Amino acid sequence: MSALPPDLVRLGDALERAAANDLRQPRPLAAPPGRRRTTRKLLLLAAALAVGVSTAAGIATQLISEESVAQSMPAGAAMLVGTDPTCTVVRVGVEYHCVLSRAPDGGIDDYMGTVYETVDATQHVNGGCRSLRSDGLEWQCYIGQAAVDQQIISQDFLGEIQTGPAVG
């Protein structure tokens with residue numbers, strides 16, 4: 001699996017600091033009833049939540065199929081509607097190579113390097129693709145943070161709601 005999401009890293013760091021802080025604090029011989037138990041329960045709850053979020057993120061990455069990436073292309077860009085993309089895995093849940101059965105209808109003479117976002121079934125921007133050929137028939141698509149790292153979409157745009165394909 002790739003790097004953990006920033007929120008999960010921050011949660012883990014906060015949990016570590018809280019646990020270290022709790023262990024450093026001197027305990028009275030007779031702690032108030034429930035005080036020590038409450039702190040431990042909160043730490044256990046936070047740890048369980050962190051594991052749950054990490055597991056959910058891993059499952060979500062696994063659920064990204066070649067077909068869902070192909071469907072996300074025309075959902076992100078109007079010019080790709082009707083192009084019937086077929087995608088193959090390069091890196092599971094991260095990178096896909098896609099080929100169109102028909103050229104895009106975007107009124108562009110040279111598609112080489114053109115980028116567009118991809119939009120998942122829940123209408124959220126989940127990544128993006130870059131054209132590898134001038135005729136626009138071959139694209140490399142990246143999901144999640146990989147699309148940001150490839151400078152196809154911005155960090156702020158990842159996860160945004162998009163109810164229709166982009167035009168232009």
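The chain exposes about 10,300 Å² of surface in this predicted model. Carbon and sulfur atoms supply 58% of that area. Of the 168 residues in the chain, 32% are buried.

The chain holds four helices and five strands. From the N terminus on, the order of elements is α-α-α-β-β-β-β-β-α. Three helices thus precede the run of strands, and one helix follows it. Many contacts span long stretches of sequence: among those between residues at least 6 apart, 56% join residues at least 24 apart.

Helix H3 covers residues 66-76. Its buried residues are Val69, Ala70, Ser72, Met73, Pro74 and Gly76. These buried residues pack against five strands. The partners are strand S1 (86-91), strand S2 (95-99), strand S3 (115-119), strand S4 (125-131) and strand S5 (138-143).

Strand S4, one of the partners of H3, also contains serine 131. The relative accessibility of serine 131 is 2%. Serine 131 counts as buried because this value is under the 20% cut-off. A polar atom of the serine 131 side chain lies 3.2 Å from the backbone oxygen of tyrosine 111. Tyr111 is also among the residues that serine 131 touches, when residues up to four places away in sequence are not counted. The others on that list are Met112, Gly113, Thr114, Gly136, Glu138 and Trp139. Of these, Glu138 and Trp139 fall within the range of strand S5 (138-143).

Notes. Residues are numbered from 1 along each chain as its sequence is written. This is a predicted model: local features need pLDDT of at least 70, side-chain atom pairs count only at pLDDT 80 or more; totals for chains, interfaces and linings use all residues. Side-chain values use heavy atoms; hydrogens and water are left out. Buried means under 20% relative accessible area, exposed over 50%, partly exposed in between (1.4 Å probe, protein chains only). Helices (H or I, at least four residues) and strands (E, at least two) are DSSP runs, numbered from the N terminus. Contact means heavy atoms within 4.5 Å. A polar contact is a pair of N or O atoms within 3.5 Å; within protein, one must be able to donate a hydrogen and the other to accept it, and residues adjacent in sequence count only if both atoms are side-chain atoms. Accessible areas come from the Shrake-Rupley method with a 1.4 Å probe; for residues, only the protein chains shown count as cover.
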